[in-house]
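Please examine the sequence and the three-dimensional model displayed here before reading on. The explanation is meant to be followed with both in view.

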Amino acid sequence: MLALLASGTAVAQTPPPAPAAAPAGASSGPLEVDVVGGISAPMPIAVPVMPTPAAAGTPAGDTASLGRQVSEIITNDLRNSGLFTPLVGSALRAVSFPQVTAPDFAGWGSTGAQALVQGFVQANGDGTLTVGCYLYDVFAQTELTRQGFVVPPAQWRRAAHKCADQVYTRLSGEGPYFDSRVVYVSETGPKTRRLKRLAVMDQDGANHRFLTNGRSIVLTPRFAPNQQTIAYMSFENDRPRIYVYDVGSGKQRLVVNQPNMTFAPRFSPDGRSIVFSMSVNGNTDIYRVPTSGGTPQRLTTSPGIDTGASYSPDGSRIVFESDRSGGQQLYVMGADGSGQNRISFGGGRYGTPVWSPRGDLIAFTKIGGGFRIGTMTPGGGNETILTNAWQDEGPSWSPNGRVILFFRTGQGSGKADLWSVDLTGKNLRPVPTPLDGSDPAWGPLLP
């Protein structure tokens, strides 16, 4: 677990001196980045190496080395958001431990940085680490926020992500998302004989590990809200059915023990239920079953294929795809199956819908002349297409609802990779994985 120190108690030294007057011409307004326009003009920000009050060895490395690595992770997180341009090279000045709470504002102002992130890494007597994190407005010469994170040495990366989240949240006004994980399907092998395994990693690709051995094909993994279990479809024993995998024990169990094909699982927001699709007598409908198992409850009854169900964040509604109208389209219904209404009416087909954790948008795959990632409101309005490659599909939201993770397949290659795009459609970037990757699911913030 990651513990927080109360604001202002992260460093055992005197409080920072009163800020000096801002330089002439500096903005007197609050320092913030525009989450829309900021992509075109990212904020210059400095994240120098974090010093240590006393060099010490830890199971994760010495504190001086950790100070460099923590700064690098914060830098990469902020850069990848698309909202910041971190300083590099000689523009990054060395910072002494006393300067952590008494920045050289004049020196940093000469580099062009508008914001400054400073901190420290300290080894504690009980074997833990403290990572201090301070954010400053360079022009106004004021401290904007500070926090300390006490972690076991093995979780030092989480402290870095937490610091980056603190900076991002304070300057953008958006929720955090860096301290989170992704589960996906790792792929390797020839196009006609792919080996597919469940894999989990931090959102930046670190701490990667495989969960299954690849003996059976796996698809569409989805985190439970508590992130202790993952629902997915497996072709174990050549029977496509839904399983739940326990991350701690590595054990899996069958969700619905019936001879029918079950697929496309997703947890309810409270984690008590799993909504999924089941094919019975040539018709595919959406069902709900308690996470612990039991008798499935049928939610849709129309002829055709109903699948891809995803709950609204309050659990009151479900979006899904159906071909009941003659083509693949999006529908919304109550969590009990009532009030089923079509919401997609643009040209082409729509699939793989997923509700934003903020509740304001639904992401989907638009099919027609290729596969694209798009969003619309829950009522079907304001359709926006965010990507424009040959085959982009399977969107999944970041915890704050600002970024969408998906997978992209190269034309004729059969090989897929993970990508992300923000809601402006401008910050499009690949997400590194050791092998090819598909079917990503972004989990909530770590506890």
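The paragraphs below proceed from the whole chain to its helices, its strands and one selected residue.

The model is a predicted one. The chain comprises three helices and 30 strands. Along its principal axes, the C-alpha trace spans about 75 × 45 × 40 Å. For 447 residues, a compact globule would have a radius of gyration near 22 Å, and the 24 Å of the chain agrees with that expectation. Of the 447 residues, 54% count as buried. Among contacts between residues at least 6 apart in sequence, 46% join residues at least 24 apart.

The helices may be considered next. Helix H1 covers residues 63–80. The distance from its first C-alpha to its last is 25 Å for 18 residues, close to the 26 Å expected at 1.5 Å a residue. At the start of H1, a side-chain oxygen of Asp62 comes to within 3.1 Å of the backbone nitrogen of Ala64. Just after the helix, Gly82 adopts a positive phi of about 85 degrees.

Which residues of H1 are buried? They are Thr63, Ser65, Leu66, Gly67, Val70, Ser71, Ile73, Ile74, Thr75, Asp77 and Leu78. As general background, an α-helix has 3.6 residues a turn, so residues three or four places apart point the same way. The cover over the buried residues of H1 includes strand E2 (43–46), strand E3 (84–86), strand E4 (115–123), strand E5 (129–137) and helix H3.

Helix H3, formed by residues 156–172, is itself mostly covered, with 14 of its 17 residues buried. At 1.5 Å a residue, H3 should span 24 Å, and its end C-alpha atoms are indeed 24 Å apart. Just after H3, Gly173 takes a positive phi of about 80 degrees.

Attention now turns to the sheets. Strands of a sheet pair through backbone hydrogen bonds, either parallel or antiparallel. One open sheet consists of four strands in the order E10-E11-E12-E13, with antiparallel pairing. Strand E10 (218–223) and strand E13 (252–254) stand at its edges with a single partner strand each, so one side of each has no neighbour in the sheet. From one strand to the next, the twist averages 25 degrees. Within this sheet, E10 pairs with strand E11 (residues 229–234) in the antiparallel sense over four bridges. Arg222 has Ala231 as its bridge partner in E11.

Another open sheet of four strands has the order E26-E27-E28-E29, and its pairing is antiparallel. Its edges are strand E26 (392–397) and strand E29 (429–431); each has a single partner strand, so one side of each is left without a neighbour in the sheet. Neighbouring strands of this sheet are turned against each other by 35 degrees on average, direction ignored. Four bridges join E26 to strand E27 (residues 403–409) in the antiparallel sense. Here Trp397 is matched with its bridge partner Ile404 in E27.

Strand E20 offers a view of consecutive hairpins. How many of its residues are buried? Six of the six residues of E20 (residues 329–334) are buried, so the strand is largely enclosed by the rest of the structure. Strand E19 (residues 317–322) pairs with E20 in the antiparallel sense over six bridges. These two strands form a hairpin with six residues between them, and Gly326 in the turn has a positive phi of about 105 degrees. E20 is also joined by two bridges to strand E21 (residues 341–342), again running antiparallel. The hairpin of E20 and E21 likewise has six residues between its strands, with Gly337 in the turn at a positive phi of about 95 degrees. Tyr331 takes part in both pairings: Tyr331 is the bridge partner of Phe320, and Arg342 in E21 is the bridge partner of Tyr331.

The last stop is Asp285, located in strand E16 (residues 283–290). Is this residue buried or exposed? Buried means under 20% relative accessible area; Asp285 has 1% relative accessibility and therefore counts as buried. The side chain of Asp285 makes a polar contact with the side chain of Asn283 at 2.7 Å. A further polar contact, at 2.6 Å, joins the side chain of Asp285 to that of Arg298. Leaving aside residues up to four places away in sequence, Asp285 touches Phe276, Ser277, Met278, Arg298, Thr300, Thr301, Ser302 and Asp306. Arg298 thus appears both among these contacts and as a polar partner of Asp285.

Terms used. Residues are numbered from 1 along each chain as its sequence is written. This is a predicted model: local features need pLDDT of at least 70, side-chain atom pairs count only at pLDDT 80 or more; totals for chains, interfaces and linings use all residues. Side-chain values use heavy atoms; hydrogens and water are left out. Buried means under 20% relative accessible area, exposed over 50%, partly exposed in between (1.4 Å probe, protein chains only). Two strands pair if DSSP finds at least two bridges between them. The expected span of a helix is 1.5 Å times one less than its number of residues. Contact means heavy atoms within 4.5 Å. A polar contact is a pair of N or O atoms within 3.5 Å; within protein, one must be able to donate a hydrogen and the other to accept it, and residues adjacent in sequence count only if both atoms are side-chain atoms. Axes are lines fitted to C-alpha atoms, for helices over the stretch in contact, and angles run from 0 to 180 degrees between N-to-C directions. The radius of gyration is taken over C-alpha atoms; the globule rule is 2.2 Å times the number of residues to the power 0.38.
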